[in-house]
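Me: Please take a close look at one metal site in this model and describe what surrounds it.

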Amino acid sequence: MPIVLKSEEEIGIMREAGGIVARVLQMLVERLRPGTVEKELDEIARREFARQGVAPTFLGYHGYPATVCVSVNDEIVHGIPGDRVIRDGDVVSIDLGCTYRGFVADTAVTVGVGRVSRKAKRLIKVTEECLWRGIAAAREGARLGAIGAAIQERAESQGYSVVREYVGHGVGREMHEDPQVPNYGLPDQGPVLRRGMVLAIEPMVNVGDWRTKRDPDNWTVRTVDGSLSAHFEHTIAVTDGEPQVLTLP
Ligand code: MF3
Ligand code: CO
Ligand code: CO
């Protein structure tokens, strides 16, 4: 599939979708404390989306059974919220998407719950820096590889690794559109970025090995070596100037 460029009007709709999903994500983060049951997060997201008349993009996506992804500690992405209780010191990634007036917004954040180790705090901080450096590289005229190169450079310079088997993506009428947006690469690789491209930039950064494995539930992705992982994501639009972050509250 070719890369679909979005009009100003479509980007405006995506910014509204992004505001909704970002505010609900904030609510979920506020709910996080030792003792929170993962399913509570899913219930809140489902209720809020229904109240605001937006569709839960993840629910039913390739059979995914929930509205939110909750990935804890060595889980990287796509954790299914269940009866598990969040504990003091857990590193919790929450990923959320909604569909509003036919357009998707996709965003994720990682939070340390309660008393968190310095190692975990540092991983979370660096992964968020990776996201912002990736966003800063998403400029008209640059190549797509500049985004991954910026992310990879930040992560690896801090002794971390970037996940290869899962990547960011174009986003629009579908959650996953072309192009794929790797969190690694070289600045002279890939298509030239144009205004109107809307991308989900989402570094997944591990303390140890970059390789992943999948649980028997066929969704939960975790690090092969059991090391901690963090994930941040924004949906952004490439413009003729500064990249516009669409998933802000
Ligand atoms: N939101 C995830 C991403 O960032 C994909 C979730 S897959 C689903 O690409 F099945 F959980 F919806
Ligand atoms: Co996401
Ligand atoms: Co995404």
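Reply: Around the cobalt ion (ligand 2), the six donor atoms subtend angles of 57 to 166°, which makes the arrangement irregular. Six donors count as octahedral if opposite donors are over 155 degrees apart and all others between 65 and 115; four are tetrahedral if all angles lie between 85 and 135 degrees, or square planar under the rule for six, and anything else is irregular. Donors are N, O and S atoms within 2.8 Å of the metal (3.2 Å for Na, K and Ca), and water is not among the atoms, so sites may look incomplete.

This is a predicted model, in which local features need pLDDT of at least 70 and side-chain atom pairs pLDDT 80 or more, while totals for chains, interfaces and linings use all residues. Residues are numbered from 1 along each chain, ligands are numbered from 1 in the order written, and side-chain values use heavy atoms, without hydrogens or water.

The protein donors of ligand 2 come from D95 (OD, listed twice), D106 (OD) and E233 (OE), lying 2.1 to 2.4 Å from the ion. Along the chain their spacing is D-x10-D-x126-E. D95 lies in strand β4 (residues 91-100) and E233 in the loop between β13 (229-231) and β14 (234-237), so the pair ties together parts 138 residues apart in sequence. Strands are DSSP runs (E, at least two residues), numbered from the N terminus. D95 is buried at 8% relative accessible area, and E233 is buried at 0%; buried means under 20% (1.4 Å probe, protein chains only). D106 bridges ligand 2 and a cobalt ion (ligand 3), 3.2 Å apart.

Technical notes
Helix = DSSP H or I, 4+ residues; strand = E, 2+ residues; numbered from the N terminus. Buried < 20%, exposed > 50% of the residue type's maximum accessible area, 1.4 Å probe, protein only.
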